[in-house]
Amino acid sequence: MNNFISSPFEYENEYELNFGLQPLSVEGTVRFILSLQGEEIKKCYPCIGFEHKGIEKLAEHTSYHQIFELIKCLSSFNVLSYKYPYILLMEKLLNIKPSRRVQFLRVIFAEIERILNHMKIISAMAQDLGSDIPKIYEIKQSKKINKFLSNKKDLFQIGGIKFDISDKELEEIYNWSRKKENIFLNKISYLLSENRIFKQRTKGIGKISKEEALSWGLTGICLRASGVSWDLRSSFPYDAYSELSFEPEVLEEGDIYSRYLLRTKEISQSFDLITQAIENIPKEDFCPISLKELSICPVPGELYISTESPAGELGISIISDGQTTPYRFHIRSPSFSHLQALNYFGKGNSLGNLVPLISSFNLNIGEVDR
Amino acid sequence: MILNFLFTLLFIIFSIWLIAYAESKIDSPKEANFFKVPKDLIKLMFKQMIIPSSASKKLFIMLPAAVITFTVTIYAVIPIKEDSVVADLNIGVLYTLSLLYLFGYSLILTGWSSSSRYALLGTFRLAGQLLIYIVVFGFILLSIVLCSGSFNIGDIVDAQKNVWFLFPHLPLFIIFLICMLVLANRIPGDSPFSDSEISGGINSEYSGASLALLMISQYAAILIMSALATVLFLGGWQPLFGLWDKLSGLPWLLIKLFLCIIFFIWVKAALPRYRYDQVMKIGYKYLIPASSLWFMLTALALFIMEG
């Protein structure tokens, strides 16, 4: 907590303002110390550490199965997608190849969670800008989606999934995804996308060029909105993504509006992916994984695997020395690089622009303070 | 006179109740309950009032009461039906204008007296907005006064007997609608009270009974601006083109008032808020030239028509 502004004020009439907890789109606790001149932001220091859990150090003393419970703490919202890289990594370390049906099922549920997350970010951004109605449609819509995700918090396991999904349930998901019935998307198309005020608040603001995005280590939506075609699902396909046909959505402008627009496009892309996955899913090769069979003791070595989480590139690196606990455990979180870039991109904006800028970055403080 | 006064008071209380209910319906559709509003109010009244140590205490406590007084007293000059008004002032238009100024100034002082940076930022934003939009409002009032030939609001309503001012003054009415949203500090012009940027702005240091007063005064401002829209453009208690003549008076007035209040709530539900400098830009670049031009055109048209 020593990141208070220690340098003296450089500008005339400069003053400090504590800015924290107001943006609703930030999941978790963080505050910013703004240095303002009038309403213009001169410095923007994020103060992190309110949720520090020490996951990386704890993981060095926990067995590989217990690390699952630690990873759950990263995000209260996207439970499945945050477990995803760890599962892939353990499977590679142990040389397990999950059955094809399992791979497809994982893709389906990871994409459902992506839809939920993008909807949440969009509606929170609208709420930060003063429009409450998208939130109501989001709640209505996510009730339907949560029906598919209920009791599935522990679905992803090393080597497979915990229980098979019945054909009836898959058919329900298929019917829902094929129709693309999403009240939320229909409503925000005229509540936000075509709204003159929303456009004026977001277009041309918080611009990130290609080079800036790459050099600040931005990933996910923020990178693709700046014109870089980089989606781990297609550039380094894992699980069943290699068998699905899709192109990463890319926009060129790199402002807040294009990041918002890209989220809406990715929602409909996820619908396509779910539909494709259910169409191609093999019927009969599911073998449930029993945890007792796996006494995990991987060979010594070092491995890094990353997946495309809703927020960006989420990677996990493990150094194993052949024992039951990892020698070193490290998480590469997308929100960490997004948060540190805020000082650079926030500078020179007015206070009113900072709120949508923060919203568009999809910050998840649980993974920053890990 | 006393009956008028009592009726107006009851009407104000009931409409504020309705507006607050509609607000809560937007915020939390499931929890909204018609009797939740008075319950919340009573709860707020008994809460402890936290006064910041650096605030100027007398002003901090007194000003919310002043804010609500200035808003509600504007309603005294709004006629309910023919020759039935609480205060039949010959300078009714000037009275509303000056009270609107006082309403704005007392809000500015509330922000100033709480001596917090959030409230201060809100104060500056409000002062900037008020400066422009009251001028626009003045131009609108002047055009209406030119047409009716009187500063008395009762006379202004009488002048709309044949044709409401809405029809000849349609562009002015649109300007008035924008101006009304900003003067009542509502979305899209509510940047002085923006919760995501400056955590409530002017309200940010208030709690308990004085917060309740400030909230009521914001709803009262909606009611007052709707009443002014009704009186200045929609013909007050007058029926439309003499339709349903028997209902002229209170029923017609109520219909128009509630249409205006629905407009406020509808806008709040549908739109995001403008950034502070964008509100100022609209005022300086578009509304002041447009309203002053319309004032001159009105004067010219009247001069030609009367020879």
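Here is a short walk through a predicted model, with a suggestion at each stop for what to select in your viewer.

**Stop 1: salt bridges in chain A**

Salt bridges number 25 over all chains. Begin by selecting A:R106 and A:E91, whose closest N and O atoms are 2.5 Å apart in a salt bridge. A:R106 belongs to helix α4 (residues 100-128) and A:E91 to helix α3 (residues 79-94), so this pair ties together parts of chain A that are 15 residues apart in sequence. Both A:R106 and A:E91 are buried.

Stay on helix α4 and pick A:R101, then add A:D167; their side chains form a salt bridge with an N to O distance of 3.8 Å. Because A:D167 sits in helix α6 (residues 167-179) and A:R101 in helix α4, the pair connects parts that are 66 residues apart in sequence. Are the two partners buried or exposed? A:R101 counts as buried because its relative accessibility is 2%, while A:D167 is partly exposed, with a relative accessible area of 45%.

Next, select A:E266 and A:R233, another salt bridge, at 4.0 Å from N to O. Here the link runs between helix α12 (residues 256-280), which holds A:E266, and helix α11 (residues 232-235), which holds A:R233; the two residues are 33 residues apart. A:E266 and A:R233 are both buried. Now widen the selection to A:E111, A:R114, A:R224, A:D231 and A:E308, and you will have a network of salt bridges that also includes A:R233 and A:E266.

**Stop 2: three more residues in chain A**

Select A:N362, in the loop between α14 (351-360) and α15 (365-368) of chain A. With 4% relative accessibility, A:N362 counts as buried. Which residues does A:N362 touch, leaving aside those up to four places away in sequence? Show A:N117, A:I121, A:R263, A:P310, A:A311 and A:S335 to see these contacts of A:N362.

Jump to A:K57, in helix α1 (residues 55-58) of chain A. A:K57 counts as exposed, at 53% relative accessibility. Add A:R328: the C-alpha atoms of A:K57 and A:R328 are separated by 8.0 Å, although the two residues are 271 residues apart along the chain.

Then go to A:N151, in the loop between α5 (133-149) and β4 (156-157) of chain A. A:N151 is exposed, at 71% relative accessibility, and its phi is near 65 degrees, a positive value. Most residues other than glycine have a negative phi, and most peptide bonds are trans.

**Stop 3: a loop in chain B**

Move to the loop between α7 (170-183) and α8 (195-198) of chain B, where you will find B:P188. B:I187 and B:P188 are joined by a cis peptide bond, with omega about 5 degrees. B:N185 is in the loop between α7 and α8 too. Its phi is positive, near 55 degrees, and B:N185 is buried, with a relative accessible area of 6%.

**Stop 4: two surface patches in chain B**

Switch to a surface view and select B:E82, B:D83, B:D88, B:D155 and B:D158, which gather in a patch of negative charge. B:D88 lies in the loop between α3 (57-73) and α4 (92-113) of chain B and counts as exposed, at 57% relative accessibility.

For the last selection, take B:L293, B:M296, B:L297, B:L300, B:F303 and B:I304. These form a nonpolar surface patch, with about 670 Å² of accessible area together. B:L300 is located in helix α11 (residues 276-305) of chain B and is partly exposed, at 47% relative accessibility.

Terms used:
Residues are numbered from 1 along each chain as its sequence is written. Chains are lettered from A and ligands numbered from 1 in the order in which they are written. This is a predicted model: local features need pLDDT of at least 70, side-chain atom pairs count only at pLDDT 80 or more; totals for chains, interfaces and linings use all residues. Side-chain values use heavy atoms; hydrogens and water are left out. Patches are made of residues with over 30% relative accessible area and no salt bridge: like charges are joined within 9 Å, nonpolar side chains (Val, Leu, Ile, Met, Phe, Trp, Tyr) within 5 Å. Accessible areas come from the Shrake-Rupley method with a 1.4 Å probe; for residues, only the protein chains shown count as cover. Lys and Arg count as positive and Asp and Glu as negative; His and the chain ends are not counted. The place of a charge is taken as NZ of Lys, CZ of Arg, CG of Asp or CD of Glu. Helices (H or I, at least four residues) and strands (E, at least two) are DSSP runs, numbered from the N terminus. Buried means under 20% relative accessible area, exposed over 50%, partly exposed in between (1.4 Å probe, protein chains only). Contact means heavy atoms within 4.5 Å.
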